[in-house]
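Please look over the sequence and the model below before reading on. The report is arranged by topic, under short headings.

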Amino acid sequence: MFFYNDYASWSERTFGHRVQKIALDAGFSCPNRDGSKGRGGCVFCDNASFNPPYCSSGKSIRQQLEEGKRFFAHKGIQGHYLAYFQAFSNTYAPLERLKVLYGEALDVEGVEGLVIATRPDCVDEEKLDYLELLSRQTHVEVEYGLESVLDRTLALVNRCHTQECSRRALTATRQRGITTGAHVILGLPGESREDMLAQARTVSMLDVDILKIHQLQVIRGTRLASLYEQQPFPLFDAEGYVRLVAQYLRLLRPDIVIERLVSTSPGSHLLAPCWGLKANEVVRRLQAYMNGNGYRQGDCYLNCE
């Protein structure tokens, strides 16, 4: 039978109890937005499509965390949190500013560590050295947006970095004993099924501890939405995505922890594909598919939010 570990089980193994990640918007930008490398950001990006309502750069880090605690109180996880610097590139600032923001988060009662989402081209030796020191005092995870492992795709979606840049950043981070996370999108324009399955093999050769996977979603108001409306390109339906992810997971190194398998943007933001399913419903379909197709315990380890 297919073996499934949810995110709660992973956090209990890591921290000794469940933890809740509280997303934060610290007001960062990205080098492909501000002109240092490009303009307009990634063609698929709209942070409003995944930021919770309490999350706003107009509020202090402490205020967002306190409001986030109340927002998640219904889940029954109280007193144990990770400050998740999520919006845009959260190492894209001078080190002194980062120290202030990270320190403010760690000073909030119940915060047991940091998860820092960023780009592979937004870290350097000085910042990683600091994060290494910090990781000796608290949990630190650096989550890199890889999105694809193909340079042609990275150029197409205006990432303005290369796969080699991703590899170097992950290696430099892991060498310092910092937990590494990565994020990939399946179904980006121009990528075939074979490309996506080959991605799993490539990711397995990278210094990745935790992986987030989700399907491409076309968000209203983005440049990707304009491209899709002008000339629609193929998108996954739910069943096709389930079949691909089942194969993808089997190709991954078994020690890679899977934190996310699917994304569900609010209907008001989502142009396509419209599955009408919650994330847990897609995961249940995946479990059923894998159980019914010879996947065994130990084939992969899933940790889902």
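The sections below cover cores, a helix face, internal space, buried residues and backbone geometry in this predicted model.

## Nonpolar cores

The largest nonpolar core has 76 residues, and Phe-85, Leu-131, Leu-211 and Tyr-248 touch the most other members. Helix 9 gives the most to this core, contributing eight residues. A second core, separate from the one just described, has 14 residues, including Phe-44, Val-218, Leu-224 and Phe-233. In soluble globular proteins, nonpolar side chains tend to be buried together.

Tyr-248 has an extended list of partners even when residues up to four places away in sequence are not counted: Val-184, Leu-186, Met-196, Leu-197, Gln-199, Ala-200, Val-203, Leu-211 and Ile-213. One of these partners, Leu-211, is also among the core residues that touch the most other members.

## The buried face of helix 8

Helix 8 spans residues 223-230, and Leu-224, Ala-225 and Tyr-228 are buried in it. Seen down the axis of helix 8, the buried residues fall within an arc of 100°, so they line one face of the helix. These buried residues pack against strand 7 (218-219) and strand 9 (270-272). Leu-224 is also one of the residues of the second core.

## The cavity and Val-242

The structure holds one cavity of 30 Å³ or more. The volume of the largest cavity is about 40 Å³. Its lining consists of Tyr-241, Val-242, Val-245, Leu-261, Val-262, Val-282, Val-283 and Leu-286. By class, this lining has eight nonpolar residues, with no polar and no charged ones. Helix 9 (238-251) and helix 10 (279-291) each supply at least two of the lining residues.

Among the lining residues, Val-242 is found in helix 9. Val-242 counts as buried because its relative accessibility is 2%, under the 20% cut-off. Not counting residues up to four places away in sequence, Val-242 touches Val-282, Arg-285, Leu-286 and Tyr-289. Val-282 and Leu-286 also line the cavity. Between Val-242 and Met-290, 48 residues apart in sequence, the C-alpha to C-alpha distance is 9.1 Å.

## The second largest pocket

The second largest pocket holds about 170 Å³ of space. Its lining is made up of Gly-187, Leu-188, Pro-189, Gly-190, Glu-191, Arg-193, Met-196, Phe-233, Pro-234, Leu-235 and Phe-236. Sorted by class, the lining has seven nonpolar, two polar and two charged residues.

Two of the lining residues recur elsewhere in this report. Met-196 is in contact with Tyr-248, and Phe-233 is included in the second core.

## Two buried residues: Thr-173 and Cys-122

Thr-173 lies in helix 6 (residues 163-175). Its relative accessibility is 0%, so Thr-173 counts as buried. Apart from residues up to four places away in sequence, Thr-173 touches Leu-128, Val-142, Tyr-144, Ile-178 and Thr-180.

Cys-122 is found in a loop, the one between strand 3 (111-118) and helix 4 (125-135). With 4% relative accessibility, Cys-122 counts as buried. Leaving aside neighbours within four places in sequence, Cys-122 is in contact with Pro-31, Ser-89, Thr-91, Tyr-92 and Lys-127. Cys-122 and Gln-247 are 125 residues apart along the chain, and their C-alpha atoms are separated by 32 Å.

## Backbone geometry in loops

Most residues other than glycine have a negative phi, and most peptide bonds are trans. Three places in this model depart from those patterns, and they are described in turn. The peptide bond joining Ala-272 and Pro-273 is cis, with omega about -10°. Pro-273 is in the loop between strand 9 and helix 10.

Phe-88 is not a glycine, yet its phi is positive, about 65°. Phe-88 lies in the loop between strand 2 (81-85) and helix 3 (95-106). A relative accessible area of 25% makes Phe-88 partly exposed.

Cys-160 likewise has a positive phi, near 65°. The loop that holds Cys-160 runs between helix 5 (151-156) and helix 6. At 25% relative accessibility, Cys-160 is classed as partly exposed.

Conventions
Residues are numbered from 1 along each chain as its sequence is written. This is a predicted model: local features need pLDDT of at least 70, side-chain atom pairs count only at pLDDT 80 or more; totals for chains, interfaces and linings use all residues. Side-chain values use heavy atoms; hydrogens and water are left out. On a 1 Å grid over the protein atoms alone, a cavity is a set of points where a 1.4 Å probe fits but cannot get out, and a pocket is an open set with protein on both sides within 12 Å along at least five of seven lines; lining residues have an atom within 4 Å of a point. Grid points are joined across faces, edges and corners, and a volume is the space filled by probe spheres set on the points. Helices (H or I, at least four residues) and strands (E, at least two) are DSSP runs, numbered from the N terminus. Ala, Val, Leu, Ile, Met, Phe, Trp, Tyr, Cys and Pro count as nonpolar, Asp, Glu, Lys and Arg as charged, and the others, Gly among them, as polar. Buried means under 20% relative accessible area, exposed over 50%, partly exposed in between (1.4 Å probe, protein chains only). Contact means heavy atoms within 4.5 Å. The arc is that of the directions from the helix axis to the C-beta atoms. A nonpolar core is a set of buried Ala, Val, Leu, Ile, Met, Phe, Trp, Tyr and Cys residues joined through side-chain atoms within 4.5 Å.
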